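I opened the notebook today to go through one structure, and I wanted to look up its aromatic pairs, charged contacts, one helix and its cysteines. The entries below follow the order in which I looked.

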Amino acid sequence: MSASESYGAFAYAYDQALGQRYFRAVRRLLAEVLQRHPAEGGTHLDVACGTGLAMPFFESRGFVSTGVDLSTVMLRVARSRAARLIAGDTRALPLRGTFSRITCLYDSLNHLLEPSDLAQAFGEIARVMDGRSQFLFDMNHPEIYPEVWGMKEPFVDEGPDFHLEIATTYRRREKFGRALVTGWAIVRGERVAIRERHTQRCYERDEIIAALAAGGLEPVEEHEFDPWFEGRTVKLFFVCKRKS
């Protein structure tokens with residue numbers, strides 16, 4: 001089994017177990033923001049688009065939506081939802097021009113492990129914005145790392161064509177959360193094993209604000225968000241504009 005096949009199985013299982021469930025919750029926030037801040041232009045960019053869940057939402061509202069992600073395997077899953085997909089790094093977007101609305105969802109930015117990388121990503125996003133553009137993104141609330149990533153019991157979900165287990169650890173001194181993802185998924189008619197290791201960084205709110213400022217962005221709105229309806233804040237959700 002190749003690493004690509006394993007990651008392809010993970011991409012599918014992630015989409016089924018977590019991605020779709022998360023987007024059903026966050027779409028309400030997106031709809032509210034778009035209602036409060038109507039876009040004058042009709043272009044949308046989804047940064048670290050993953051399996052492309054946000055793109056049909058924006059296209060159904062009249063936007064021309066483009067997705068960019070570093071993982072060609074994730075983009076392969078996204079092709080079932082969107083046509084305009086580009087392989088690229090958040091820290092060096094392979095794009096010119098500007099977009100009226102930009103999103104980066106589902107804690108994708110927590111995978112940038114250094115504050116300088118986070119600031120660089122924000123700077124790249126600011127580069128494809130004009131004075132009327134807005135950037136909507138979420139990151140994990142810092143409290144969930146010791147509370148959730150530090151739990152002994154793994155997250156488990158399954159369906160008829162996948163089984164996913166995510167065992168996590170968190171080291172407060174390092175600010176790094178680590179996940180071992182195992183399981184299987186049916187890919188092109190074959191059962192493919194999943195074994196992936198992922199690392200995230202816990203960012204405090206003031207670190208996020210500082211990285212935004214370093215990248216030339218400033219918040220317009222901030223929200224605390226519980227996509228799993230578990231009675232605790234899981235996400236920090238920001239609406240940003242370019243600094244004037």
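What follows are my entries on this model, which is a predicted one.

**Entry 1, aromatic rings.** I began with the aromatic pairs, and the count came to 16. I then asked what kind of pair F23 and F57 make. Their ring centres lie 5.9 Å apart with the planes at 80°, and since planes over 60 degrees apart count as edge-to-face, the pair is edge-to-face. I noted that this pair links distant parts of the chain, with F23 in helix α1 (residues 3-36) and F57 in helix α2 (residues 54-59), 34 residues apart. F23 is buried, having a relative accessible area of 7%, and F57 also counts as buried, at 2% relative accessibility.

The next pair I looked up was F122 with F137, which is tilted, with 5.3 Å from centre to centre and 50° between the planes. F122 belongs to helix α4 (residues 115-127) and F137 to strand β5 (residues 134-140), so this pair ties together parts that are 15 residues apart in sequence. Both F122 and F137 are buried.

I also wrote down one aromatic cluster, which is formed by Y7, F10, Y14, Y22, Y106, F225 and W228. Y106 came up again when I turned to charges over rings, since the charged end of K235 sits over the ring of Y106, 4.8 Å from its centre. In a further case, the charged end of R201 sits over the ring of Y203, at 5.2 Å from the ring centre.

**Entry 2, an acidic residue in α1.** I stopped at D15, which has its place in helix α1, and asked whether D15 is buried or exposed. At 2% relative accessibility it counts as buried, because buried means under 20%. Leaving aside residues up to four places away in sequence, D15 touches Q20, T51, L53 and R81.

**Entry 3, salt bridges.** My count of salt bridges came to 15. One of them joins R132 and E40, whose closest N and O atoms are 3.0 Å apart. R132 lies in the loop between α4 and β5, while E40 lies in the loop between α1 and β1 (43-47), so the bridge ties together parts that are 92 residues apart in sequence. R132 counts as exposed at 57% relative accessibility, and E40 is exposed as well, with a relative accessible area of 67%.

I then looked at R91, which forms a salt bridge with D89, the closest N and O atoms being 2.9 Å apart. R91 is partly exposed, at a relative accessible area of 26%, and a network of salt bridges links D89, R91 and D117.

I came back to R201, already noted for its place over the ring of Y203, and found that its side chain meets that of E207 in a salt bridge of 3.6 Å, N to O. R201 is buried, with a relative accessible area of 12%.

**Entry 4, helix α6.** Which residues of helix α6 (residues 205-214) are buried? I listed I208, A211 and L212. They cover an arc of only 105° around the axis, which means that they sit on the same side of α6. As a reminder to myself, an α-helix has 3.6 residues a turn, so residues three or four places apart point the same way. The face of α6 turned away from the buried side carries the exposed residues D206 and A214. What covers the buried residues of α6 includes α4, β5, β10 (217-225) and β11 (235-242). Just after α6, I noted that G216 takes a positive phi of about 90°.

**Entry 5, cysteines.** How many disulfides does a search of the whole structure find? The search finds 0. The sulfur of C104 is 9.7 Å from the closest cysteine sulfur, in C49, which is too far for a bond because a disulfide needs sulfur atoms within 2.5 Å. C240 is in no disulfide either, and its nearest cysteine sulfur, that of C104, is 11 Å away. On exposure, I recorded C104 as buried with a relative accessible area of 1%, and C240 likewise counts as buried, at 0% relative accessibility.

Technical notes. Residues are numbered from 1 along each chain as its sequence is written. This is a predicted model: local features need pLDDT of at least 70, side-chain atom pairs count only at pLDDT 80 or more; totals for chains, interfaces and linings use all residues. Side-chain values use heavy atoms; hydrogens and water are left out. Rings of Phe, Tyr and Trp (its six-membered ring) pair if their centres lie within 6.5 Å; planes under 30 degrees apart count as stacked, over 60 as edge-to-face and the rest as tilted. Buried means under 20% relative accessible area, exposed over 50%, partly exposed in between (1.4 Å probe, protein chains only). A charge sits over a ring if NZ of Lys or CZ of Arg is within 6 Å of the ring centre and within 35 degrees of the ring normal. Contact means heavy atoms within 4.5 Å. The arc is that of the directions from the helix axis to the C-beta atoms. A salt bridge is a side-chain nitrogen of Lys or Arg within 4 Å of a carboxyl oxygen of Asp or Glu.
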